[in-house]
Amino acid sequence: MQQSNAYIITFSVILTVVLGLLLSGTSQVLGPIQKKAEDLDNKKQILGAVMAPEELKVMSPEEILEYYEARIASKVVDIEGNEVEKDSDGNAIVAETVNVGKNYKKSPEDRLYPIFIYHEEGNEDAVDSYILPVYGAGLWDEIWGYLALQTDLNTVEGVTFSHKGETPGLGARITENSVQARYQGKKIFDEGGDLQAVIMQKGEGKDYSGEEHKVDGLSGATITANGVNAMLRNYIGHYQSYIEKKKSGNSTDVAELN
């Protein structure tokens, strides 16, 4: 039987409303679950810069969150190294909620820079490492990670790298433990205090154990390697004012956002 135009329109409207309500309900149900998963993943990446992969692998999600709460303190600074505690509306700024990817789209002077402090359990003054987020661009898309520095704020304790779309077997290898381990013990400043960062070299298979600012490269992934190099150098530079204040023993001022 042929249906009238009014019937078809009414049916389409009802169907659209029902589907919209279903999608909205699904989003409300899955939203908190997704946020919790993202929070866990971020904290695993932060801890991955200072913990052995084997340690993290055997920990349950609950154990990871408990360990993070017991061993990580955090703060946010601006590019001048001053601590930022509240936004322009007076709301508290929490390092774990700062979206480094969104901040990356702003000019460096307008970004927020989280710092995660790895300390002895029960004693935030007994610092083991400072963990700094880094962000940049690889061959195809975004790359990011965390750089952990020892208390001299010069020696690399460890790194974790991630990516959105680098080539499997080539640029995507930045996530491999063996690649990230190359950075351990390297220096980001030279003896004169000038920033050198740590540079991944072109090609792969050479021994750079005697070079403080160089690590072996990724065969067939020069552009990704260059992206990692730029990411590290740029973000260490953005944190340099904070690093210099800590080294000199000067306390960081509290800045207000406009």
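In which helix is T222 found? T222 lies in helix α6, which covers residues 222-248; helices (H or I, at least four residues) and strands (E, at least two) are DSSP runs, numbered from the N terminus.

The structure is a predicted model, in which local features need pLDDT of at least 70 and side-chain atom pairs count only at pLDDT 80 or more, while totals for chains, interfaces and linings use all residues. Residues are numbered from 1 along each chain as its sequence is written, and side-chain values use heavy atoms, with hydrogens and water left out.

The chain contains 6 helices and 9 strands. Its C-alpha trace spans about 85 × 45 × 40 Å along the principal axes. Further values for the chain are tabulated below.

| Property of the chain | Value |
|---|---|
| Buried residues (under 20% relative accessible area, 1.4 Å probe, protein chains only) | 41% of 258 residues |
| Contacts (heavy atoms within 4.5 Å) between residues at least 6 apart in sequence that join residues at least 24 apart | 55% |
| Exposed area (Shrake-Rupley method, 1.4 Å probe) | about 14,600 Å² |
| Share of the exposed area from carbon and sulfur atoms | 50% |

Two annotations come from an unreviewed UniProt entry, and such annotations may be inferred rather than shown by experiment. UniProt lists residues 138-239 as "domain: FMN-binding". The end C-alpha atoms of this span lie 21 Å apart, and the span is 22% helix and 21% strand. UniProt also lists T222 as "modified residue: FMN phosphoryl threonine". In the model, T222 has a relative accessible area of 31% and is therefore partly exposed, a class that lies between buried (under 20%) and exposed (over 50%).
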